[in-house]
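Reader: I am new to reading structures. Could you take one part of this one and walk me through it closely, from its neighbours outwards?

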Amino acid sequence: MKPIRNLLEEIPNLVFALKPCFMMSPLSVSQYINPNVIKFDVVIFDEASQIMPEDAVPCLLRAKQAIVVGDTQQLPPTTFFMSNMDDESIEEEIEDLESFLSECSTKFRTKSLLWHYRSKNEHLIAFSNRFFYEHRLITFPNSKIKDNSGLDFVYVKNGVYDRGKSRKNRVEAREVVKKYKELKKKFPEKSMGIIAFSIAQENAIREEFRVAGINIDESIDSTREELFIKNLETVQGDERDIILLSVGYGKDSSGRLTYHFGPLNKEGGYKRLNVAITRSRFKTVVLSSI
């Protein structure tokens, strides 16, 4: 079988007639497109805040012009996906890297896209609009005053954060499962997602779902909005009707509360918070032991 790169080199005109638009990752562009044979009129970079400059350059070499789309207030590339570590200690080693978007924003012409389409209730975007976007986002009032949308807070009174080995809050994780079942019964037609503020708390929630006998069918089929359970490092780009946020951190068994909140404490950690609290379209429920 002929390699794809060789095949595309032989039929550059025909392939554009058949497929005038290619959707590819930067790595795929480097792998399959010979820059001496195939050029693109326009290359559009989406989610450019998560693209590293060295990955973007090969795409620019194949483009007559480029449009770079992204949000500087969301996550840059991190070392999270570069690590071979498979336990919660990876959070202590995560570093933010320079993004292609941040490099472009210093040189290219910029145009702000200010219409916020996602939130059906203004309360869902109000915090980010004030603290991250300087009230520049254009939002649309919800005409249905009593549709149960918006922002809710659940205080997990007996939650205990195991500051030692596990770094989990199992009481809060069980409360997440309880709230999930309650909302699923109340809004059976709504899609749902769960975001934990740490990898350890994500694992604790998954364990409680297994204990409760609830199957987590995280399909790779993008046309189906299955339940997802993710942490701050992996949730960018996702959205659901209802989002449950599990803070996890809180007082330990001795009643002591320290102001250590994992990656949120690091420089640029606020971007993780911005990503987490803007994933919902209909409702966000924050569960916290603090």
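**The sheet and what packs on it**

Author: Strand 3 and strand 7 run parallel and are paired over 6 bridges. One pair to look for is Tyr155, which stands opposite Ser288 in strand 7. Keep in mind that this is a predicted model.

Now widen the view. Strand 3 and strand 7 belong to an open sheet of 5 strands, in the order 3-7-6-4-5, with parallel pairing. Strand 3 (150-155) and strand 5 (228-231) stand at the edges. Each has a single partner strand, so one side of each is left without a neighbour in the sheet. On average, neighbouring strands of this sheet are turned by 20° against each other, direction ignored. In a regular strand, side chains alternate between the two faces of the sheet.

Next, step along to strand 6, residues 240-246. Is strand 6 mostly covered or mostly uncovered? Strand 6 is mostly covered, with 7 of its 7 residues buried. Strand 7 (residues 280-288) pairs with strand 6 in the parallel sense over 6 bridges. Here Ile242 stands opposite Lys283 in strand 7. Strand 4 (residues 192-196) is also joined to strand 6, by 5 bridges, and the two run parallel. In that pairing, Ala196 stands opposite Ser246 in strand 6.

Follow the chain on from strand 6. Gly248 sits in the loop between strand 6 and helix 9 (269-276). Why does Gly248 count as buried? Its relative accessibility is 3%, and the cut-off for buried is under 20%. Ser198 is 50 residues away from Gly248 in sequence, yet their C-alpha atoms are 7.5 Å apart in space. Set aside the neighbours of Gly248 within four places in sequence. Gly248 is then in contact with Tyr161, Asn169, Glu172 and Gln201.

Two of those names come back when we turn to the helices. Helix 6 (residues 123-131) packs on the sheet, where it touches strand 3 and strand 7. The direction of helix 6 makes about 75° with that of strand 7. Helix 7 lies across strand 3, strand 4, strand 6 and strand 7. Helix 7 runs at about 150° to strand 7.

Helix 7 also meets another helix. The axes of helix 7 (residues 170-186) and helix 8 (residues 199-211) come within 9 Å. They cross at roughly 55°. The two helices are therefore oblique to each other. Their crossing is right-handed. Which residues make the contact? From helix 7 come Arg170, Glu172, Ala173, Arg174, Val176, Val177 and Tyr180. From helix 8 come Gln201, Ala204, Ile205, Glu207, Glu208 and Phe209. By class, this contact has 7 nonpolar, 1 polar and 5 charged residues. Glu172 and Gln201 both take part here, and both are in contact with Gly248.

Finally, stand back to see the whole chain. The chain has 9 helices and 7 strands. Of its 290 residues, 44% are buried. Its C-alpha atoms fill a box of roughly 65 × 50 × 40 Å along the principal axes. Take the contacts between residues at least 6 apart in sequence: 72% of them join residues at least 24 apart.

Technical notes:
Residues numbered from 1 in each chain as written. Predicted model: local features only at pLDDT ≥ 70, side-chain atom pairs only at ≥ 80, totals over all residues. Heavy atoms only, no water. Axes fitted to C-alpha atoms, helices over the stretch in contact; angles between N-to-C directions. Helix = DSSP H or I, 4+ residues; strand = E, 2+ residues; numbered from the N terminus. Parallel < 35°, antiparallel > 145°, perpendicular 65-115°, else oblique. Left-handed = near helix turned anticlockwise from the far one by under 90°. Contact = heavy atoms within 4.5 Å. Nonpolar A, V, L, I, M, F, W, Y, C, P; charged D, E, K, R; others polar. Buried < 20%, exposed > 50% of the residue type's maximum accessible area, 1.4 Å probe, protein only. Pairing = 2+ DSSP bridges.
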